[in-house]
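Colleague: Please look closely at one strand of this model and describe how the rest of the sheet is arranged around that strand.

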Amino acid sequence: MEKSKEPIGKGKTAIITGGSRGIGESLVLKLGELGYNVVINYRSDSSKVLSETLAKKVEEKYGVKTLIVKADVSKYENCEEIVKQTINKFGDKIHVLVNNAGITNNCNFIDIKREDYENLINTNLMSFLHMTHLVLPYMINHSSKENQCNIINISSVAGLTGIINQVDYCASKAGIIGFSRAIALEFGGRGIRSNVIAPGMIMTDMLKIVNQDALNAIASSKVPLKTIGDVSEISEALEYIIKASYLTGQVISPNGGYFLQ
Ligand SMILES: NC(=O)c1ccc[n+]([C@@H]2O[C@H](COP(=O)([O-])OP(=O)(O)OC[C@H]3O[C@@H](n4cnc5c(N)ncnc54)[C@H](OP(=O)(O)O)[C@@H]3O)[C@@H](O)[C@H]2O)c1
């Protein structure tokens, strides 16, 4: 009788920033489905229950373990806490890091306050550097050509093109792409792959605050596939990246044709 194949992540550890809701929630579920023990980070008090419910669901559905860490990843010392708690619970080998946490300000670049765009850069870009800097030692210590590790960075079409009232957001998302490519070059020889997912418009809380009529007008006029994407488009891209062992330094953009690379 043929032996059933074990899930790719069985017994391995994945960390995701901003895993409480939206795209992050779908990525947590996918990581669980792939067999990883998942470290779910979130920031806001309002997401505590969401994170706990999600963790329970992943554990029950996929038989994996989870760890929830409340931390504002814009600050280095909070990122240190995530990695410390991860090592304490799951040991000193980390296999997947998904840098996902992100915010928007949606403001013109005259009225925007300095503290707001600095906070956005710290959240959307610096957190990716902090987390990667802190996790790499726990990848390098065991990764190889045969046992690869993955760093998956969530950018945006905004990082590939410009968007009005999103100067700070576009800067952060373009920065992620350069960062991710450089990591791919520097650590590819050690079995660490680094790739970007650059979603188009995906229906989450981030888009629910935008005027829905305007959003639908953009979808029908600017998106060849004429629709706003679902979070599952992004979790499918994550699964592809994790399984695609010859893929590194790339940008995958599920965007309905909104931006053509
Ligand atoms: N939705 C889209 O159309 C779209 C398109 C392109 C790219 N993206 C990118 O996809 C990623 C996820 O976006 P989303 O649409 O899922 O947004 P969302 O529904 O607003 O969720 C954002 C997530 O990030 C977390 N977060 C925000 N700031 C944080 C911080 N300082 N520390 C820790 N966690 C923090 C939030 O935690 P709390 O729940 O605790 O607040 C939440 O889990 C972002 O990087 C976003 O830029 C989204």
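Modeller: In strand β1 (residues 13-16), Thr13 and Ile15 on one side and Ala14 and Ile16 on the other are all buried, so both faces of the strand are covered. Buried here means that 20 or more other C-beta atoms lie within 10 Å of the residue's own, exposed means 12 or fewer, and partly exposed lies in between, with C-beta atoms placed from the backbone. In a regular strand the side chains alternate between the two faces of the sheet.

This is a predicted model, in which local features need pLDDT of at least 70 and side-chain atom pairs count only at pLDDT 80 or more, whereas totals for chains, interfaces and linings use all residues. Residues are numbered from 1 along each chain as its sequence is written. Helices (H or I, at least four residues) and strands (E, at least two) are DSSP runs, numbered from the N terminus.

On one flank, β1 runs parallel to strand β2 (residues 37-42), to which four bridges join it; two strands pair if DSSP finds at least two bridges between them. Thr13 has Asn37 of β2 as its bridge partner. Together with helix α1 (residues 22-33), β1 and β2 make a right-handed β-α-β unit. Right-handed means that, with the strands pointing away from the viewer, the path from the first strand over the helix to the second runs clockwise.

Strand β4 (residues 96-99) is also parallel to β1, with three bridges between them, and Val98 in β4 stands opposite Ile16.

The wider sheet is open and has seven strands in the order β3-β2-β1-β4-β5-β6-β7, with parallel pairing. β3 (66-70) and β7 (251-252) stand at the edges with a single partner strand each, so one side of each is left without a neighbour in the sheet. Further along, β5 (residues 149-154) and β6 (residues 192-197) pair in the parallel sense over six bridges, and Ser194 in β6 is the bridge partner of Ile151.

Two helices complete this view. α1 packs on the sheet and touches β1, β2, β4 and β5, a contact being two C-beta atoms, placed from the backbone, within 7 Å. The direction of α1 makes about 175° with that of β1; axes are lines fitted to C-alpha atoms, for helices over the stretch in contact, and angles run from 0 to 180 degrees between N-to-C directions. Helix α3 (residues 76-90) likewise packs on the sheet, touching β1, β2 and β3, and its direction makes about 160° with that of β3.
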